[in-house]
Amino acid sequence: MLNKYEGKIVKTFAENLDHYENEQMELIWEDGSKIVATFDTCFEDENDYEMDEEGYEEFTSFAFQAEEVSGNPPVELSDEGFFLVNYHNFPKEILVGGKKIN
C-alpha cells in the first residue's frame, strides 16, 4: 500500500510493473542523469527513524540492476550494480523501448 506522498509519484509505475518484467528500462532524472537498468524487485522500506519517533515513515522501494550509468543519478550503486529508488529519489521519466511508462 502506498503512503499519501508516494502515491502521486510512483503509483503508475507500481501498477504497471507486471507488464515490463525483464525489460530494459531507461531511468532519467531532472538533471539529465540516466541509468539503463533492469527491474529486480520491490519491497516495503522505511526511513532511519524508529517507529515511535516523529518523522518515521514506510514506503515502497524498487530495486534495479544497472547496466549503464551516465551523469550523477541520486542513487547508491552496490558492488554488484544494484540500486534503489523510491518516492524520495524517483526519476522524472522511465522509458521502455522509448515509451514513457510512468
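Let's start with serine 33, which at 2% relative accessibility counts as buried. This is a predicted model, by the way, so please hear everything I say today in that light. Where does serine 33 lie? You'll find serine 33 in the loop between S1 and strand S2, the strand that covers 34–46. And which residues does serine 33 touch, once we leave aside its neighbours within four places in sequence? The list is Leu27, Ile28, Ser70, Gly71, Asn72 and Pro73. Look at glycine 71 in particular: glycine 71 is 38 residues from serine 33 along the chain, yet their C-alpha atoms are separated by 4.3 Å.

Now move one place along, to lysine 34. Lysine 34 forms a salt bridge with glutamate 26, and the closest N and O atoms are 3.2 Å apart. The general idea will be familiar: side chains of opposite charge can pair when their charged atoms come close. Are the two partners buried or exposed? Neither, really: lysine 34 is partly exposed, with a relative accessible area of 24%, and glutamate 26 is also partly exposed, at 25%. How many salt bridges does the count give for this model? It comes to 1 salt bridge.

While we're on charge, let me give you the wider balance. The protein chain has 7 positive and 25 negative charges. The mean positions of those two sets are 14 Å apart.

Let's step back to the whole fold. The secondary structure comes to 1 helix and 6 strands, and from the N terminus on, the elements run α-β-β-β-β-β-β. The radius of gyration of the protein chain is 14 Å, close to the 13 Å that the globule rule gives for 102 residues, so the chain is as compact as a globular protein of that length. If you'd like dimensions, the C-alpha trace spans about 45 × 30 × 25 Å along its principal axes.

What about the inside and the outside? Buried residues make up 38% of the 102 residues. The accessible surface comes to about 6600 Å², and 43% of that surface belongs to carbon and sulfur atoms. As for contacts, among those with a separation of 6 or more, 54% come from residues 24 or more positions apart.

Next, the helix, H1. Glycine 7 lies in helix H1 and is buried, with a relative accessible area of 19%. From glycine 7 to aspartate 18, 11 residues further along the chain, the C-alpha atoms are separated by 18 Å. Lysine 11 has its place in helix H1 too, and lysine 11 is partly exposed, at 42% relative accessible area. Which residues does lysine 11 contact, neighbours within four places aside? They are Leu2 and Glu6. Remember Asn72 from the serine 33 list? Lysine 11 and asparagine 72 are 61 residues apart in sequence and 25 Å apart in space, C-alpha to C-alpha.

I'll finish with two asparagines, both in loops. Asparagine 22 sits in the loop between helix H1 (7–15) and strand S1 (24–28). What is phi at asparagine 22? Phi there is near 70°, a positive value in a residue other than glycine. For context, most residues other than glycine have a negative phi. Asparagine 22 is also exposed, with a relative accessible area of 65%.

Asparagine 86 is in another loop, the one between strand S4 (82–85) and strand S5 (93–96). Buried or exposed, this one? At 11% relative accessibility, asparagine 86 counts as buried. Not counting residues up to four places away in sequence, asparagine 86 touches Val10, Phe59, Thr60 and Ser61. Val10 brings us back to the helix, as H1 covers 7–15. One last distance for you: asparagine 86 and aspartate 45 are 41 residues apart along the chain, and their C-alpha atoms are separated by 8.9 Å.

That's my tour; over to you for questions.

How values were computed: Residues numbered from 1 in each chain as written. Predicted model: local features only at pLDDT ≥ 70, side-chain atom pairs only at ≥ 80, totals over all residues. Heavy atoms only, no water. Helix = DSSP H or I, 4+ residues; strand = E, 2+ residues; numbered from the N terminus. Rg over C-alpha atoms; globule rule 2.2 N^0.38 Å. Buried < 20%, exposed > 50% of the residue type's maximum accessible area, 1.4 Å probe, protein only. Contact = heavy atoms within 4.5 Å. Areas by Shrake-Rupley, 256 points an atom, 1.4 Å probe, with all protein chains shown as cover. Lys, Arg positive; Asp, Glu negative; His and termini not counted. Charge placed at Lys NZ, Arg CZ, Asp CG, Glu CD. Salt bridge = Lys/Arg side-chain N within 4 Å of Asp/Glu carboxyl O.
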